[in-house]
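Reader: I would like a close look at a single part of this model, namely one strand and its partners, followed outward to whatever else can be said with care about the surrounding packing. Please take it step by step in one connected account.

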Amino acid sequence: MRRLPFLLLSATLALPAHGDGPAPRWRQGWGLAASIPAAQENGIGHDTGFARLILQRRAGGHEAQVRNLLAGPVQVRLRNGADGADVVAPVLLPAGGQRQLLWLADDGGPIRLLLDAFPGDPSARPDAYLYRLPFDGVPVRVSQGIGGSRSHGDAQNRYAIDFPLPDGTPILAARAGTVMQVVADSPEDGCLVRVLHADGSMALYAHLQSGSLSARPGQAILAGQVLARSGNTGHSTGPHLHFAVQANTRLALASIPFRMAGPQGELRFPHASVP
């Protein structure tokens, strides 16, 4: 009797929430679970959004392969689905890379694996770059600042800033880099763009207008280049831009403090929600 592989996948996805409402999956770690029917087990994959776990049947067992789904580095690890212990050491996959991490011999029982995926290179050292404002021609206002109680209390979003903007305002790259991830019209996540910078940090632009994304994964962009337009997607209570700079802090994704230039000098962001 062939065994039925069982995959548990988890990821730390850095998307923001804004205001009250149902807790979307990315506020709960975006954990996915799926059973793979025996008839379809060869080569089938399930993904975390950042990486995909693929089982390939080989004589007497299965290869567990992981594919990076982003146009930038992703750190992955496989854990035992029963006790959560690591079964292989964490691995850094390059953009679009795929690698066999484990071979499992058939023993008559189910395969239980957890895949964790964290975008970014943990060895990166973000610098004190002065970011430009990610929009022009609109007054600078902040609806939720650092550590805001509505949705900036977790590590991934603690240093995020919410800028209220008229729907359709052009969103500009705050720093040059490579487009690492584009999510368009996700029922849970809305629309977002993630940009990888030269120092290994990543900028997140979220709640973007549906159908407005002009950035493509792998595209090199310049500071000031249009990425999309502001919107109200992904459990947002009003049109705004959620902007954060994030880094892989070794098997954890965290927002980090950043500097930003405004029309009249460097901005000083509030450290709590404001009306």
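Author: In this predicted model, strand E6, residues 74-80, pairs with strand E7, residues 91-93, in the antiparallel sense, and three bridges hold that pairing. Within it, Val74 stands opposite Leu93 of E7. E6 also runs antiparallel to strand E9, residues 112-119, to which seven bridges join it, and there Val76 is set opposite Ala117 of E9. Strand E6 is itself mostly covered, since six of its seven residues count as buried.

Strand E9 is also the place of Asp116, an acidic residue whose setting deserves attention. Asp116 has a relative accessible area of 3%, and it is therefore classed as buried, the cut-off being under 20%. Its side chain makes polar contacts with two arginine side chains, that of Arg77 at 2.8 Å and that of Arg79 at 2.5 Å.

Leu93, already met as the residue opposite Val74, leads from this pairing to the nonpolar packing, being one of the members of a core of 23 residues that also includes Phe50, Leu196 and Met202. That core is separate from the largest one, which has 32 residues, and in which Phe163, Tyr205, Leu208, Phe243, Met260 and Phe269 touch the most other members. Several strands each supply at least two residues to the largest core, namely E11 (161-164), E14 (190-196), E15 (202-206), E17 (226-229) and E18 (240-248), and of these E18 gives the most, with four residues. For Phe269, once its neighbours within four places in sequence are set aside, the contacts are with Val142, Ile146, Ile161, Phe163, Phe258 and Met260.

Leu196, named above as a member of the 23-residue core, is also among the residues touched by Ala176, together with His197, Ile221, Leu222 and Ala223, when residues up to four places away in sequence are not counted. Ala176 is found in the loop between strand E12 (170-172) and strand E13 (177-186), and because its relative accessible area is 34%, which lies between the 20% and 50% limits, it is described as partly exposed. One of those contacts joins distant parts of the sequence: Ala176 and Leu222 are 46 residues apart along the chain, yet their C-alpha atoms are 4.2 Å apart in space.

How values were computed: Residues are numbered from 1 along each chain as its sequence is written. This is a predicted model: local features need pLDDT of at least 70, side-chain atom pairs count only at pLDDT 80 or more; totals for chains, interfaces and linings use all residues. Side-chain values use heavy atoms; hydrogens and water are left out. A nonpolar core is a set of buried Ala, Val, Leu, Ile, Met, Phe, Trp, Tyr and Cys residues joined through side-chain atoms within 4.5 Å. Buried means under 20% relative accessible area, exposed over 50%, partly exposed in between (1.4 Å probe, protein chains only). Contact means heavy atoms within 4.5 Å. Two strands pair if DSSP finds at least two bridges between them. A polar contact is a pair of N or O atoms within 3.5 Å; within protein, one must be able to donate a hydrogen and the other to accept it, and residues adjacent in sequence count only if both atoms are side-chain atoms.
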